[in-house]
Amino acid sequence: MNNEVAERVAAITQGDNPALQRRAMAKAITLLESTRADHRALGDALLTALLPHTGKSFRLGISGVPGVGKSTFIETLGLYLVGKGLRVAVLAIDPSSTVSGGSILGDKTRMEQLSMRTEAYIRPSPSSGTLGGVAEKTREAVLVCEAAGYDVVMVETVGVGQSEIAVHGMTDMFCVLQLPNAGDDLQAIKKGVMELADLVVINKADIDPNAATRAQAQITSSLRLLGMHGSHDHAARGALWQPRVIQISALLGHGVEAFWEAVSSYRQMQTSNGCLALRREKQSLAWMWERIDHGLKLAFRSHPGVRDMLPAVQQQVASGQLAASTAARNLLQAQSSAAMIHKAD
């Protein structure tokens, strides 16, 4: 471990000065998000050095459609947890523009009260085109927050729809926020995020209590159905933990205590039966293969043989002279042939 890495690790793990620690965390996450080769090498060294200090936090994923009140809910929950003596980190992912690539990163502004607490750390990050509702380096950011000693790490997703499931692969518990009038009975049993949810929260229940009660009944019924006829993993999980549906009003602070009781019950059960440790092991391996896939794609694009062929092939595909599948196969063969020649030499 070089001196720079050692200094960064000490600044993150030794939280004697909260302001300096948050600054060190912000610099570490920015380093990990960088695409520069030298930054990536330093980031890898830093992450490896931080690993012994990670694993003690509870990772909570928060998803839901835009407008469901995720930021308000997270602030209310964060203030509640801070009041119980816990330290809370929030990783908020904002959607990036498909036109300019920019992001507003306004979640920290929304969580004004929580952001002023020294026991809390809020980090907004752009999705930068990454699918699944999270940013590319969210997993690394979670480890930085854990190394800094935060008790609860919450990941707030972009909130784009029913396919936003990437956060499930990096958290211990996946919570989905729903609106009381989100749709009909069919909407409640549609698969996607719903079949992966460990806890469903009907937010803004104070607006229409009758609609919230109907939604709770519909979603509870649908979760039982998904548990009986869903995937093997979901069915096995259901035998140990049956996903629950609760009503809250984040704006008024109603139901937050019941929510945290459900989370605590889930954590205790999944820790005692070993499911939590197994889930983290699977997530780590999936993360490794995801980074391998990403690395192979970058290596393919930067391969000299592929790089030379790519402009002409792209033009042929765009003009309809060459099928996209044939073009892909030709480019892959160019990379493979060059690799074989290099091996023979």
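In the predicted model, Arg117 has a relative accessibility of 33% and therefore counts as partly exposed, the partly exposed class lying between the limits of 20% and 50% relative accessible area. The side chain of Arg117 meets that of Glu119 in a salt bridge, with an N to O distance of 3.4 Å, and Glu119, at 26% relative accessibility, likewise counts as partly exposed.

The structure holds eleven salt bridges, the pair formed by Arg117 and Glu119 being one that falls within the 4 Å criterion. Side chains of opposite charge can pair when their charged atoms come close. A further salt bridge joins the side chains of Arg280 and Asp172, with 2.6 Å from N to O. Arg280 lies in helix 12, whereas Asp172 is placed in the loop between strand 4 (152-156) and strand 5 (173-178), so that this pair ties together parts that are 108 residues apart in sequence. Both partners fall under the 20% limit and therefore count as buried: Arg280 has a relative accessibility of 15%, and Asp172 has a relative accessible area of 0%.

The side chains of Arg59 and Glu146 also meet in a salt bridge, again with an N to O distance of 2.6 Å. Distant parts of the chain are linked by this pair, since Arg59 belongs to strand 1 (residues 58-64) and Glu146 to helix 7 (residues 138-147), with their positions 87 residues apart in the numbering. Arg59 is buried, with a relative accessible area of 12%, and Glu146 is buried as well, with a value of 2%. Arg59, Glu146, Asp172 and Arg280 are linked in a network of salt bridges, to which strand 1 and helix 7 contribute through Arg59 and Glu146, and helix 12 through Arg280.

The burial of Glu146 is in keeping with the setting of helix 7, which is mostly covered, ten of its ten residues being buried. Among these buried residues are the charged Arg139, Glu140 and Glu146, together with Ala141, Val142, Leu143 and Val144. Helix 7 is followed by Gly149, whose phi is positive, near 90°.

Helix 12, which spans residues 275-302, also contains Trp289. Trp289 forms a nonpolar patch on the surface with Leu285, Met288, Ile292 and Leu296, and the accessible area of these residues together is about 510 Å². Helix 12 thus carries both Arg280, which counts as buried and pairs with Asp172, and Trp289, which is part of the nonpolar surface patch.

Definitions and conventions
Residues numbered from 1 in each chain as written. Predicted model: local features only at pLDDT ≥ 70, side-chain atom pairs only at ≥ 80, totals over all residues. Heavy atoms only, no water. Patch = residues over 30% accessible without salt bridge, like charges linked within 9 Å, V, L, I, M, F, W, Y side chains within 5 Å. Areas by Shrake-Rupley, 256 points an atom, 1.4 Å probe, with all protein chains shown as cover. Helix = DSSP H or I, 4+ residues; strand = E, 2+ residues; numbered from the N terminus. Buried < 20%, exposed > 50% of the residue type's maximum accessible area, 1.4 Å probe, protein only.
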